[in-house]
Amino acid sequence: MIESHEQRHDHRHLAEHQRHPAQPLRTGHGPRHLPTFVSPQTVTADGDEYAVVISGFKQGGQVVRKFISPENGANSADVVAIFAKAGRPEIAITHVQHKGQVKTSQADEYVEIVNRGSVPGDISNWVLGADDPGQDFTFPPGTVPQPGRRIRIYTNQVHPQWGGFSCGKGRPIGNDQGDTAQLRDTNGNPISRFSYGTAALPTP
């Protein structure tokens with residue numbers, strides 16, 4: 001998948017710490033869940049104050065909130081951290097899975113959004129969409145991603161571990177050739193854009 005400017009920007013925020021011990025999170029065989037963590041200490045760079053936010057585990061090329069520790073296997077995982085500006089949320093689209101594996105409906109398409117800030121961000125009634133108004137999804141009241149939290153909005157599936165958001169559409173929403181996903185606040189102001197496919201290619 002071609003990286004857009006939004007993706008490259010996100011990569012600058014990430015620092016992976018390999019083989020970070022996961023044992024303190026939960027003991028025994030089974031899933032390891034990631035609690036919300038924001039470092040109490042901050043650092044200053046170019047006049048801005050930053051905090052470290054733990055965002056997820058790195059597994060299979062994706063950032064996930066939990067992983068399954070194999071029985072009798074090593075109890076460790078790679079952890080992804082975000083260097084976030086202290087004292088404010090930063091909501092951004094970080095990935096669009098626009099070619100689903102479910103035939104015909106592509107119900108497993110999704111858009112991933114992350115709070116890259118160090119405080120919770122209220123996105124109630126914000127709208128995620130593209131050029132076609134029929135693709136719009138409005139976040140319900142009380143949608144407040146915690147620092148480092150990643151949520152996904154699926155075309156027609158519900159995954160509680162990703163927030164449980166679904167457009168409830170029985171047809172594909174994402175353009176397989178390419179498009180630009182946009183996130184707007186309650187006043188219609190653009191907050192984040194993510195171009196994918198041919199829309200992410202530079203203009204000749």
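These notebook entries record what I looked up about the internal space and the nonpolar core of a predicted model.

**Entry 1: cavity search.** I searched the whole structure for cavities of 30 Å³ or more and found one. For the largest cavity I noted a volume of about 240 Å³.

**Entry 2: lining.** I then listed the residues around the largest cavity and obtained 22. Those nearest its centre are V111, L128, Q135, I173 and G174. Sorted by class, the lining comprises 12 nonpolar, eight polar and two charged residues.

**Entry 3: strands at the lining.** Which strands each supply at least two residues of the lining of the largest cavity? I recorded strand 8 (91-97), strand 9 (110-115), strand 10 (127-129), strand 12 (150-154) and strand 14 (178-184). Strand 14 gives the most, with three residues.

**Entry 4: nonpolar core.** In soluble globular proteins, nonpolar side chains tend to be buried together. I therefore looked up the largest nonpolar core, given that general tendency. This core has 17 residues, and the most contacts inside it belong to I93, V96, I113, L128, F139, I153 and L183. At least two core residues come from each of strand 8, strand 9, strand 12, strand 14 and strand 15 (190-197). Strand 8 provides the largest share of the core, three residues.

**Entry 5: I153.** I chose I153, one of the core residues with the most contacts, and listed its partners, leaving aside neighbours within four places in sequence. I153 is in contact with E109, Y110, V111, I113, L128, F137, F139, F165 and C167. Among these partners, V111 and L128 are also named as lying nearest the centre of the largest cavity.

Technical notes. Residues numbered from 1 in each chain as written. Predicted model: local features only at pLDDT ≥ 70, side-chain atom pairs only at ≥ 80, totals over all residues. Heavy atoms only, no water. 1 Å grid on protein atoms, 1.4 Å probe; cavity = no way out; pocket = protein on both sides within 12 Å on 5 of 7 lines; lining within 4 Å. Points joined across faces, edges and corners; volume = space filled by probe spheres on them. Helix = DSSP H or I, 4+ residues; strand = E, 2+ residues; numbered from the N terminus. Nonpolar A, V, L, I, M, F, W, Y, C, P; charged D, E, K, R; others polar. Core = buried A, V, L, I, M, F, W, Y, C linked by side-chain atoms within 4.5 Å. Buried < 20%, exposed > 50% of the residue type's maximum accessible area, 1.4 Å probe, protein only. Contact = heavy atoms within 4.5 Å.
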